[in-house]
Amino acid sequence: MQNYLSWVPTVSPPPLNLSNPKARLLTASPNHAQIQIRTEKTFEYRYYDSDGDISSLAEVKFPLPSHVKSITSTSNPFVKHCVKLRHSSSYRHFHGSALVVGTTPIREIHKFQKSLEERTVETECLILLDKAKVPEGLDSSSSRTLRVSALVMKKLSQLQSTESIEAIALMKFPTSYFVVDDHENNADCWKWFPTPHRILVLEGIQDPGNLGTLIRSAVAFRWGGIFILPGCCDPFNDKALKASRGASFQVPIVSGSWRHLEALKDEFQMKMLAGQPASDDELKPVAELSQGLADSLADTPLCLVLGSEGHGLSEKSMRECQLISIPMARNYESLNVAVAGGIFLYMLQPKNQRIP
């Protein structure tokens with residue numbers, strides 16, 4: 001499992017170039033093939049190692065010529081690019097793009113974007129099966145449509161059967177997603193979270209299914225954003241996207257350190273809570289979650305910290321936060337973090353935002 005540091009980009013990812021370049025193979029070193037791409041204004045280079053993977057020797061761009069309307073081969077460079085976006089966090093963050101598989105999450109993202117005054121997500125390419133109709137609710141007019149064979153769709157979706165997959169979208173990371181450098185001193189908290197009344201903080205959540213489910217629950221219960229501390233998996237991980245069903249593109253997400261979280265807390269005068277199983281061994285008191293507690297906090301800006309099942313909360317979280325637990329029948333030690341998180345997220349909504 002890749003940790004937090006492995007996917008935080010050190011530079012802003014370049015945009016995917018969808019121009020119509022002409023490429024030719026040039027002589028290069030024995031282990032690298034050099035491709036020179038000429039556009040009207042610039043020359044760009046790509047390097048491939050002996051395994052066909054991109055070398056870090058030069059800037060990486062994967063243009064899809066404008067005349068290409070369909071792809072039938074799984075060996076196509078654009079197909080390989082899309083597959084690598086699914087498998088590699090560093091590659092995904094370098095390009096600032098992710099594949100969203102399935103009509104339902106794509107439709108939800110499109111529907112959410114239509115509700116905004118200013119769109120936060122750019123769909124670079126809508127990928128459909130050859131001769132298939134554009135699924136209802138998907139806007140193909142604002143993005144490029146690419147037709148692919150069943151074999152290519154199977155390769156891209158990583159599923160044995162493509163019968164349930166009508167569409168795949170190549171999307172840029174939303175503009176509401178921020179990775180904050182640890183050396184960055186000025187925290188622009190208002191830019192991160194326009195509605196900071198309820199912020200979910202995730203710490204050490206390495207299971208992408210749990211992380212994606214928590215993001216989806218936060219969106220469902222109208223929380224204002226997600227703050228991801230070091231040790232979590234990539235929120236645009238393939239499995240996390242599947243579990244969130246598009247929610248990662250519908251809520252502000254910030255990846256940063258405790259220093260940035262403390263700046264957020266100070267800026268909005270937020271109360272820090274953390275989910276913690278009740279235990280007789282705790283050195284710090286743990287309050288029980290109740291309707292009364294939730295009501296008393298209805299008008300108070302909150303950060304809720306949830307830790308991993310394996311390691312629990314960090315010492316910093318234990319020290320800085322008021323600990324709360326979910327009362328349970330019998331002597332169960334704890335719930336799955338995604339299940340517990342769903343209960344916390346629902347109970348701690350402001351009253352005027354509760355879903356009937």
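**Figure 1. Burial on the two faces of strand β8 in the predicted model.** Both sides of β8 are covered in this predicted structure. Ala167, Ala169 and Met171 lie on one face, Ile168, Leu170 and Lys172 lie on the other, and all of them are buried. The strand spans residues 167-172 and is mostly covered, with six of its six residues classed as buried.

**Figure 2. Strand partners of β8.** Strand β5, residues 97-101, pairs with β8 in the antiparallel sense over five bridges. Within this pairing, Ser97 has Lys172 of β8 as its bridge partner; Lys172 is also among the buried residues of β8. Strand β6, residues 123-129, likewise pairs with β8 in the antiparallel sense, over five bridges. Here the bridge partner of Leu126 is Ala169, a residue on the β8 face that also carries Ala167 and Met171.

**Figure 3. Helix α2 and its N-terminal cap.** Helix α2 covers residues 77-87. Its N-terminal end is capped by Asn76, a side-chain oxygen of which lies 2.8 Å from the backbone nitrogen of Phe78. Phe78 is itself buried, as are Val79, His81, Cys82, Val83, Leu85 and Arg86 of the helix.

**Figure 4. Surroundings of the cysteines Cys125 and Cys303.** A search of the whole structure returns zero disulfides. Cys125 takes part in none, and the nearest cysteine sulfur, belonging to Cys82, is 7.2 Å away. Because its relative accessibility is 2%, under the 20% cut-off, Cys125 counts as buried. Cys82, for its part, is one of the buried residues of helix α2. Cys303 is also in no disulfide; its nearest cysteine sulfur is that of Cys321, at 8.3 Å. With a relative accessibility of 0%, Cys303 is therefore classed as buried.

**Figure 5. Packing of helices α7 and α12.** Helix α7 comprises residues 208-220 and helix α12 comprises residues 337-347. The two helices pack at an angle of about 15°, and their axes are 9 Å apart. Since angles under 35 degrees count as roughly parallel, α7 and α12 are described as roughly parallel to each other. The crossing in which α7 passes α12 is right-handed.

Definitions and conventions
Residues are numbered from 1 along each chain as its sequence is written. This is a predicted model: local features need pLDDT of at least 70, side-chain atom pairs count only at pLDDT 80 or more; totals for chains, interfaces and linings use all residues. Side-chain values use heavy atoms; hydrogens and water are left out. A disulfide is a pair of cysteine sulfur atoms within 2.5 Å. Buried means under 20% relative accessible area, exposed over 50%, partly exposed in between (1.4 Å probe, protein chains only). Helices (H or I, at least four residues) and strands (E, at least two) are DSSP runs, numbered from the N terminus. A polar contact is a pair of N or O atoms within 3.5 Å; within protein, one must be able to donate a hydrogen and the other to accept it, and residues adjacent in sequence count only if both atoms are side-chain atoms. Two strands pair if DSSP finds at least two bridges between them. Axes are lines fitted to C-alpha atoms, for helices over the stretch in contact, and angles run from 0 to 180 degrees between N-to-C directions. Angles under 35 degrees count as roughly parallel, over 145 as roughly antiparallel, 65 to 115 as roughly perpendicular and the rest as oblique. A crossing is left-handed if the near helix is turned anticlockwise from the far one by less than a right angle, and right-handed if clockwise.
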